[in-house]
Amino acid sequence: MEQMVKSQKQFFLSNKTKPYRFRRKQLEKLKAMLQTYENDIYDALKKDLNKSKHEALTTEIGILYAEINFTLKHLKKWMDKQEVPSPLTHKGTSSYIVYEPYGCTLIMAPWNYPLQLSILPAIGAIAAGNTVVLKPSELTPHTSKLLKRMVENTFDADFFTVVEGDKTISEQLLHERFDYIFFTGSTQVGKIIMEKASKHLTPVTLELGGKSPAIVDKECQLKLAAKRIVWGKFTNAGQTCVAPDYVYVQEKIHHKFVNELKKQIISLYGKKPLQNKDYVRIVNKEHFDRLLGFLNKDQVVYGGKSDSVSLKIEPTIVHNISLNDQVMQEEIFGPILPILSFSTLDEIIPTIQQNEKPLALYYFGSAKKKENKLIESISFGGGCINDTLYHLANPHLPFGGVGHSGIGAYHGQYSFETFSHRKSILSQTTMFDIPVRYPGRKLAHVIA
Ligand code: NAD
């Protein structure tokens with residue numbers, strides 16, 4: 001590992017990664033790599049998580065193509081030095097900002113979108129002119145192996161390489177001195193990464209998780225709200241960082257809403273979701289058992305069945321939940337949706353404020369005043385009004401958490417900026433020299 005990082009640093013110091021043409025070429029190679037291996041990708045995602053082709057395309061590969069195309073379209077402009085004005089005290093100077101790559105970057109990825117969350121940050125790192133060491137998750141071994149094969153066959157290891165392995169390998173990697181660490185995963189491991197990075201004062205981006213609420217108000221379009229919540233929650237069997245973790249529904253529409261949720265589950269996943277060949281499975285037995293541990297049969301209003309061979313759990317709705325129940329104490333990260341009710345927003349805002357800041361928040365309703373109140377009062381990474389998940393697919397929006405749900409953001413130009421240091425340059429005139437800054441000069445008339 002020491003040698004690998006050393007070689008990447010040497011390559012970086014040769015300045016080869018910095019020209020626009022080099023970056024562009026690597027992004028084009030990355031796109032061609034995904035196209036060449038597209039069938040292998042579908043195959044690996046099917047084996048690792050039982051992802052259907054449709055889900056793999058919409059939530060993994062499609063997002064990557066869109067991000068590469070967007071980056072290729074704008075990269076030249078992003079790379080331009082940015083001229084800034086100078087105050088009167090700086091007469092004769094011109095100032096500008098240069099976006100400088102950090103150097104050798106480490107990207108650590110989770111298992112839930114094992115391709116997308118490995119390659120999406122790499123697009124930003126490459127666009128910004130860095131080299132990349134990628135560590136995919138060991139819990140999705142087929143995708144991890146494929147990532148290694150694809151990258152090895154496409155890129156020079158001094159520029160972009162993949163290191164496979166578990167926690168032990170991650171720990172070894174973290175002993176090395178990287179110039180930037182981009183981590184996606186749990187809050188718990190995020191804290192370890194930050195601690196390890198602090199040894200070398202390596203800057204980090206932490207894309208973490210949390211309990212993201214969906215709030216369903218009485219003026220919402222009920223059917224559409226239920227459909228979009230069911231889609232956002234049960235896509236990838238709830239194993240999505242920005243999935244609505246739980247729902248707060250206004251008490252007057254509680255029953256109607258739960259009925260609509262059931263209808264939408266049947267419409268999207270069928271009456272027997274365990275037999276639906278396209279329904280995603282839980283990543284492993286440990287997570288399967290952890291999720292079943294949340295279920296109390298008296299609280300299940302819909303679903304609740306599971307299959308320990310295929311590791312599938314039905315889209316499940318639970319109610320009569322107290323905030324002290326285990327299901328409300330930690331991020332669920334699976335197909336279990338607790339429904340709680342409220343009377344007024346004023347009643348739930350303090351409750352949400354008391355918890356750690358969520359990665360996302362979703363509000364379903366038409367009252368602008370209430371929407372503004374929620375956005376103003378609750379700190380969260382990002383979110384949607386009358387939808388779920390969709391904000392993350394707009395490359396013009398920064399994607400990231402706040403507090404325990406993360407530090408920093410990426411996507412589109414924000415990825416480029418995340419992987420760049422802003423270097424400030426002031427160019428001074430030699431035509432004249434304003435004397436006021438030198439010792440012995442009277443300041444009084446200047447200040448006046
Ligand atoms: P995780 O934190 O267990 O693992 C993430 C990565 O860290 C993996 O590559 C793993 O090998 C490595 N790792 C694990 N333990 C480590 C240790 N002790 N030291 C160093 N490295 C270690 O996360 P996960 O289970 O793969 O993913 C699920 C979590 O990720 C959820 O909390 C979810 O919300 C979050 N997530 C966040 C986003 C986001 O964009 N904000 C996206 C996806 C997932």
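Two residues are in contact here if their C-beta atoms, placed from the backbone, lie within 7 Å. Keep that in mind for the helix pair I start with. The model is a predicted one.

The pair is α3, residues 38–49, and α6, residues 141–154. Their axes come within 7 Å and cross at roughly 155°. Angles over 145 degrees count as roughly antiparallel, so α3 is roughly antiparallel to α6. Which residues in α3 meet α6? They are Asp40, Ile41, Ala44, Leu45, Lys47 and Asp48. On the α6 side, the partners are His142, Thr143 and Leu146. Sorted by class, the residues of this contact are four nonpolar, three charged and two polar.

Now the ligand. It has 27 residues around it. The closest are Pro110, Ser170, Gly185, Gly209 and Cys241. Two helices, α7 (167–175) and α8 (187–198), are the elements that give two or more residues to this shell. The most comes from α7, with three residues. By class, the shell has 11 nonpolar, nine polar and seven charged residues.

Where does the ligand lie with respect to the domains? Domain 1 covers 1–208 plus 405–425, and domain 2 covers 213–393. Both give residues to the shell, so the ligand lies between them.

Last, the annotation. An unreviewed UniProt entry lists Glu207 and Cys241 under "active site". The two are spread over 35 residues of sequence, yet they cluster in space, with a largest C-alpha distance of 9.2 Å. Glu207 lies in strand β7, residues 204–207. Cys241, as I said, is among the residues closest to the ligand.

Conventions
Residues numbered from 1 in each chain as written. Predicted model: local features only at pLDDT ≥ 70, side-chain atom pairs only at ≥ 80, totals over all residues. Axes fitted to C-alpha atoms, helices over the stretch in contact; angles between N-to-C directions. Helix = DSSP H or I, 4+ residues; strand = E, 2+ residues; numbered from the N terminus. Parallel < 35°, antiparallel > 145°, perpendicular 65-115°, else oblique. Nonpolar A, V, L, I, M, F, W, Y, C, P; charged D, E, K, R; others polar. Near = placed C-beta within 6 Å. Domains from an automatic or database assignment. UniProt positions renumbered as here; feature names shortened; annotations may be inferred.
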